[in-house]
Amino acid sequence: MNLKGLLTVAAVPALATVAYAQTVAPPSPSNTPQATSPAPTATTPNDAMAPQWYAHQQGEWRTSKLVGSKVQNKAGDSIGDINEIILANDGSAAAAVIGVGGFLGMGEHQVAVQFKSLKLDRDSNGNDVITLDTTKDALKKAPEWTWQSS
């Protein structure tokens, strides 16, 4: 027998094993859906983890645009910048961490204020304007914010 014939004879069992491994077994009776139970949808209680799709609403703000934004007081003076947005367990914005003073992040004093105390607005050019009714000195005297790991 020649080499080509030997390789063919040796390859047939290997190919049969691959083909057998790829066949799909029919579902067992325990895996078939019951005819009386409806297919779950995004609104059924059994599917609570299904994604709830969202569409943009007028007047919304993106946190990625808020972080790094300047915060001003009512007089229009720059009093700090937003370093972080803290989310509550329900996903709502609970606080904003504002950096005050320092240079390029060095020596900066960070304070957390309730998010609802910020006034978010846009000027006539469409630029974000974030206002907090306080002074830079009051922010510098506020308690330092540090993240407490749990």
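**Exercise 1. Place valine 129 in the fold and list what it touches.**

Step 1. Valine 129 lies in strand 6, residues 128-132; strands here are DSSP runs (E, at least two residues), numbered from the N terminus. The model is predicted, so local features need pLDDT of at least 70 and side-chain atom pairs pLDDT 80 or more, while totals for chains, interfaces and linings use all residues. Residues are numbered from 1 along each chain as its sequence is written, and side-chain values use heavy atoms, without hydrogens and water.

Step 2. Contact means heavy atoms within 4.5 Å. Not counting residues up to four places away in sequence, valine 129 touches Trp61, Gln72, Lys119, Leu120, Asp121, Arg122 and Asp123.

Step 3. Glycine 76 is 53 residues from valine 129 in sequence, and their C-alpha atoms are 9.5 Å apart.

**Exercise 2. Locate strand 6 in its sheet.**

Step 1. The open sheet has 6 strands in the order 4-3-2-1-6-5, with mixed pairing; two strands pair if DSSP finds at least two bridges between them.

Step 2. Strand 4 and strand 5 (118-122) are the edge strands, each pairing on one side only.

Step 3. Strand 1 (residues 70-72) runs parallel to strand 6 and is joined to it by 2 bridges. Valine 71 has isoleucine 130 of strand 6 as its bridge partner.

**Exercise 3. Find the contacts of leucine 132.**

Step 1. Leaving aside neighbours within four places in sequence, leucine 132 is in contact with Val71, Gln72, Asn73, Lys74, Ile79, Ile98, Val113, Ser117, Leu118 and Leu139.

Methods
Helices (H or I, at least four residues) and strands (E, at least two) are DSSP runs, numbered from the N terminus.
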